[in-house]
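I am opening my notebook on a new model today. I want to look up how its helices pack, and then where there is empty space.

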Amino acid sequence: MASVEIRDVRKAFGATQVIHGVSIDIVDGEFVILVGPSGCGKSTLLRMVAGLENVTGGEIRIGERVVNDVPPKERDIAMVFQNYALYPHMTVADNMAFSLKLRNAPKSEIEARVKKAADILGLGHLLDRYPRQLSGGQRQRVAMGRAIVRDPQVFLFDEPLSNLDAKLRVQMRTEIKELHQRLKTTTVYVTHDQIEAMTMADKIVVMHDGIVEQMGAPLELYDRPANMFVAGFIGSPAMNFIKGSITANGKAVFRTEGGLELPLATAPAGADGRPAVYGIRPEHFVIDEANGIPAEVVVVEPTGSETQVFAKLGGQDIVGVFRERVTVGPGDTIPLTPNPALVHLFDAQTGQRL
């Protein structure tokens with residue numbers, strides 16, 4: 001196992017810069033997830049760690065060694081791809097053993113490592129099958145098994161669950177997390193799915209347009225997002241953003257563009273009259289018949305365990321999530337109150353947290 005240090009790394013394709021001076025420290029044994037929308041640079045960064053893309057500037061270390069010019073096969077990493085990348089003419093056992101055979105490892109060592117990986121992943125009864133005879137989840141486990149037998153210093157995962165159905169993705173999330181807890185191997189994992197990031201990571205790195213917007217523990221990013229991009233990306237449904245200004249003359253309140261007053265626990269010093277954005281997560285609304293602000297219901301989406309209500313509050317679109325059953329329909333009004341202790345305020349121009 002080893003740490004991974006990414007220092008001021010840049011990547012350009014011709015004149016087009018796609019990674020702009022990214023620095024990330026990944027400690028030995030940590031499970032780090034790079035997350036962000038398509039085109040943010042997360043897969044390109046992972047491929048640079050793997051050696052599949054050249055580094056334009058900066059430095060990547062695996063352990064104590066700078067690996068910028070080290071070929072992929074000499075970096076002591078193992079990568080699991082989105083499309084499994086299994087050899088169709090080889091059995092499960094042969095796919096898992098292939099890298100060891102290339103190294104001319106002893107037959108007894110190959111058999112022992114393949115058996116150990118198969119036992120970890122529940123593949124023992126499938127070793128004689130071919131990839132075409134396996135389900136998507138089983139193929140992904142074989143791809144993981146092929147990585148495990150190499151006993152690398154670092155695991156790299158490039159959106160490994162994207163091709164699986166929803167139920168299998170949930171199952172595989174648990175299996176990958178359990179695998180990491182058992183092996184304690186440093187892991188760098190790329191996904192665009194923030195639910196995967198929240199449920200699996202020790203540390204999340206949120207990327208956007210080739211830069212790091214914020215990094216930290218999952219609940220740290222959820223509870224204290226650094227800016228509106230992180231606040232809107234982490235959490236599902238996304239945080240509500242309501243435009244207006246802060247009134248801090250006496251009791252602090254937030255006045256929306258439509259003239260509604262929303263509660264604030266506190267206001268930043270010198271913020272009276274300052275244009276701002278009021279951030280409140282959907283689950284932090286409560287239905288308050290006595291003091292709630294009337295919101296016009298647009299769409300109601302019951303999911304069974306909760307109800308999502310899409311509405312207009314002072315002319316601005318919001319969504320509320322409620323654990324209790326809500327008996328409203330389109331065109332009705334629902335009295336909502338945001339929990340002031342859980343409100344986030346952002347600068348109207350920069351989007352940075354106030």
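**Entry 1: helices H2 and H4**

In which hand of crossing does H2 pass H4? I looked it up in this model, which is a predicted one, and the crossing is right-handed. The axes of H2 and H4 cross at roughly 30° and come within 8 Å. Angles under 35 degrees count as roughly parallel, and H2 and H4 are therefore roughly parallel to each other. From H2, I listed Val92, Asn95, Met96, Ser99 and Leu100 as the residues that make the contact, and from H4 I listed Val142, Gly145, Arg146 and Val149. Sorted by class, this contact of H2 with H4 has five nonpolar, three polar and one charged residues.

**Entry 2: helices H2 and H3**

Next I turned to H3, which spans residues 107-121. The axes of H2 and H3 come within 10 Å, and their crossing angle is roughly 135°. Why do I call this pair oblique? Angles over 145 degrees would count as roughly antiparallel and 65 to 115 as roughly perpendicular, with the rest as oblique; H2 and H3 are therefore oblique to each other. H2 passes H3 in a right-handed crossing. On the H2 side I wrote down Ala93, Met96, Ala97, Leu100 and Lys101, which meet Ile110, Arg113, Val114, Ala117 and Ala118 in H3. The class count for the contact of H2 with H3 is eight nonpolar, no polar and two charged residues. I noticed some names coming back: Met96 and Leu100 of H2 are in the contact with H3, and Met96 and Leu100 are also in the contact with H4.

**Entry 3: helices H4 and H5**

At what angle do the axes of H4 and H5 cross? I found roughly 20°, with the axes coming within 11 Å. That makes H4 roughly parallel to H5. Their crossing is right-handed. H4 brings Gly136, Gly137, Gln140, Arg141, Met144 and Ile148 to the contact, while H5 brings Leu168, Gln171, Met172, Glu175, Ile176, Leu179 and Leu183. By class I have seven nonpolar, four polar and two charged residues for H4 with H5.

**Entry 4: the largest pocket**

Now for the empty space. The largest pocket holds about 390 Å³. It is lined by 16 residues, and the closest to its centre are Met79, Phe81, Ser99, Arg146 and Arg150. Which elements give two or more residues to this lining? They are strand E6 (77-80), helix H2 (92-102) and helix H4 (136-149). I could link this to my first entry, as Ser99 and Arg146 also belong to the contact of H2 with H4. The lining is made of twelve nonpolar, one polar and three charged residues.

**Entry 5: the second largest pocket**

The second largest pocket has about 310 Å³. I counted 18 lining residues, and those nearest its centre are Ala341, Val343, His344, Leu345 and Arg353. Helix H7 (218-223) and strand E20 (344-347) are the elements that give two or more residues to this lining. Its classes come out as eleven nonpolar, three polar and four charged.

**Entry 6: the cavity**

How many cavities of 30 Å³ or more does the structure hold? I found one, and the largest cavity has a volume of about 40 Å³. Phe31, Phe155, Phe157, Ile176, Leu179, His180, Leu183, Thr185 and Thr187 line it. Strand E7 (154-158) and helix H5 (166-183) each supply at least two of these residues, and the largest share, four residues, is from H5. I recognised Ile176, Leu179 and Leu183 from Entry 3, where they are in the contact of H5 with H4. The cavity lining has six nonpolar, three polar and no charged residues.

**Entry 7: two backbone details**

Last, I checked the backbone. Which form does the peptide bond from Ser236 to Pro237 take, and what is its omega? The bond is cis, with omega near -5°. I placed Pro237 in the loop between helix H8 (228-233) and strand E11 (240-247). Asp8 also went into my notes: it has a positive phi of about 50° although it is not a glycine. Asp8 sits in strand E1, residues 4-13.

Technical notes: Residues numbered from 1 in each chain as written. Predicted model: local features only at pLDDT ≥ 70, side-chain atom pairs only at ≥ 80, totals over all residues. Heavy atoms only, no water. 1 Å grid on protein atoms, 1.4 Å probe; cavity = no way out; pocket = protein on both sides within 12 Å on 5 of 7 lines; lining within 4 Å. Points joined across faces, edges and corners; volume = space filled by probe spheres on them. Nonpolar A, V, L, I, M, F, W, Y, C, P; charged D, E, K, R; others polar. Axes fitted to C-alpha atoms, helices over the stretch in contact; angles between N-to-C directions. Left-handed = near helix turned anticlockwise from the far one by under 90°. Contact = heavy atoms within 4.5 Å.
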